[in-house]
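Subject: Structure handover

Hello,

Here is the structure for you to take over. Please have a look at it first; my notes follow below.

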Amino acid sequence: MYRKMYDTLLKWKNESQGKSAIMIDGARRTGKSWIAENFAKNEYKSYLLIDFYAASDEVKEIFEKYLDNLDILFLKLSSYYSVKFYERDTVFIFDEVQFFPRARAAIKYLVADGRYDFIETGSLVSIKKNTENIIIPSEELHLKMNPMDFEEFLLAIGNETLYPAIKECFEKKQPMGQALHRKAMDLFRLYIIIGGMPQAVSEYVESKDFEKVDAVKRSILELYRNDIHKHAKGSELKAEGIFDEIPSQLSKHEKKFRLVSLKKDAKMRDYDDAFMWLKDSRIVNICYNSDEPNIALKLNMTRTTLKCYMGDTGLLISHAFDERGLVSEDVYKKLMFGKLEVNEGMIFENIVAQMLTASGHNLYFYSKADNKNKDDRMEIDFLISKSKTTARHNISPIEVKSTKRYTTNSLNKFQKKYAEYIGDSYVLHTADYKFENGITYLPAYMASFL
């Protein structure tokens, strides 16, 4: 499978020339170890992968004893693993490095030595937990591993031509056309329900069996549950409660997370650590309310008002329809053709959050309830900032619509009230491209270009 991170790693190898190490962090089962080893196989004469989750005491002892003599350290590792090292043509992969912080601390000295390249992988939650007694190496560059995006999914199922056509239409601001748009929407729906977890995509490519795909996703959800119990120390029950409540919260018209559903009189300050743990683990994407959308959304962020999306929409579907332990093929087919009587708004909003996150955006929304003045009462699904800040028109509001019949009342009011701050306004919907009354209407599969 092609992952875009490969190109990023190649750029790092060519430009860094051993002067920095790469840390790949992300949610479990997003493909961190796979991309590191695949890159190593293709781009180096030799590589050494050390899985510190399973590494022996003898291997760990080598790092403990010989950091002050790297010649001996490399000699012993070469002998232990029977791998020959080549100066500037060998890469070391420290897999699950969070389980042996000493190896991570050693990066400072290994990079300074300059003979070889170093890639680390790990879960951000466990990485943070295991850094109390070490100095974080400044030579370490970070990369986030996300679930497969729509382009990577299309390539995985053997379609190499559709995504370039989508990109061209976006850039030229023109419709896809009826036939091509219908095909793109069908494959986008398939991407939504399969999701972007590599194991689930691989299973679909091999079997085309939705129930087998669902079993894979369900095993990942169970892994996440186990991680919550094992690693969310002090916040286990609260994090699990939030995790279980996500589908219910997103299915509501207003998708703001209501803590009262977990506990009467619950306060956000009591659950803040649990939300942060889920966010750092990349199990979820958190979207905060920015109640004064001007130049800097973060400056007006309200941490007590948030929406909580699943990091992968395919996992959300398996999480939401789990009454009988397995989502049936019939449910998948109805979702595929938009025939299931369910609030599809939660699914489309979740996939847009996932796509914006993968494109590097922090997630914000706008919500204001005003019982006295209806002109001030509005809700905007997402707000994004321009990459380069200017004096005016830095913020783009985004509304997500999963049905053909909808209104843009909130967006119209928002445009009027914050005209000096707003750049382009977008509606992401299931229809083709159009521009009308100052609003750009895009098919939802174009969200990653915003």
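I start with helix H3. The buried residues of H3 pack against four elements: strand S2 (46-51), helix H4 (70-81), strand S3 (90-95) and helix H5 (101-113). Keep in mind that this is a predicted model.

Which residues of H3 are buried? In helix H3, which runs over residues 57-66, they are Val59, Ile62 and Phe63. These three lie on the same side of H3, because they cover an arc of only 90° around the axis. The background is simple. An α-helix has 3.6 residues a turn, so residues three or four places apart point the same way.

Now the overall picture. The protein chain has 17 helices and 13 strands. Its C-alpha trace spans about 75 × 55 × 50 Å along the principal axes. The radius of gyration is 23 Å, which agrees with the value near 22 Å for a compact globule of 450 residues. Of those 450 residues, 55% count as buried. Take the contacts in the protein chain with a separation of 6 or more: residues 24 or more positions apart account for 69% of them.

Next, the open space. The largest pocket has a volume of about 720 Å³. Its lining has 38 residues, and the closest to the centre are Lys144, Lys279, Arg282, Asn285 and Thr357. By class, the lining of this pocket has 20 nonpolar, nine polar and nine charged residues. Several elements each supply at least two residues of that lining:

- helix H6 (124-129), helix H13 (268-280) and H16
- strand S5 (140-145), strand S6 (284-290) and strand S7 (301-310)

Then the enclosed space. Rolling a probe the size of a water molecule over the atoms shows where empty space is left. How many cavities of 30 Å³ or more are there? The count comes to two. The largest cavity holds about 60 Å³ of space. Arg189, Ile192, Ile193, Leu335, Glu344, Ile347 and Phe348 line this cavity. Helix H9 (178-194) and helix H16 (344-358) are the elements that give two or more residues to its lining. By class, the lining of the largest cavity has five nonpolar and two charged residues, with no polar ones. H16 therefore turns up twice: it gives residues to the lining of the largest cavity and to the lining of the largest pocket.One residue of H9 to note is Gln178, which is found in that helix. Is Gln178 buried or exposed? Gln178 is exposed, because its relative accessible area of 64% is over the 50% cut-off. Gln178 and Leu315 are 137 residues apart in sequence, and their C-alpha atoms are 30 Å apart in space.

Last, two backbone points to check by eye.

- Gln17 has phi near 50°, a positive value in a residue other than glycine. Gln17 sits in the loop between helix H1 (5-16) and strand S1 (21-26). With a relative accessible area of 47%, Gln17 is partly exposed.
- Arg88 has phi near 65°, again a positive value in a residue other than glycine. Arg88 is in the loop between H4 and S3. Arg88 counts as partly exposed, at 27% relative accessibility.

Both H4 and S3 appeared above, among the elements that the buried residues of H3 pack against.

Best wishes

Definitions and conventions:
Residues are numbered from 1 along each chain as its sequence is written. This is a predicted model: local features need pLDDT of at least 70, side-chain atom pairs count only at pLDDT 80 or more; totals for chains, interfaces and linings use all residues. Side-chain values use heavy atoms; hydrogens and water are left out. On a 1 Å grid over the protein atoms alone, a cavity is a set of points where a 1.4 Å probe fits but cannot get out, and a pocket is an open set with protein on both sides within 12 Å along at least five of seven lines; lining residues have an atom within 4 Å of a point. Grid points are joined across faces, edges and corners, and a volume is the space filled by probe spheres set on the points. Ala, Val, Leu, Ile, Met, Phe, Trp, Tyr, Cys and Pro count as nonpolar, Asp, Glu, Lys and Arg as charged, and the others, Gly among them, as polar. Buried means under 20% relative accessible area, exposed over 50%, partly exposed in between (1.4 Å probe, protein chains only). The arc is that of the directions from the helix axis to the C-beta atoms. Contact means heavy atoms within 4.5 Å. The radius of gyration is taken over C-alpha atoms; the globule rule is 2.2 Å times the number of residues to the power 0.38.
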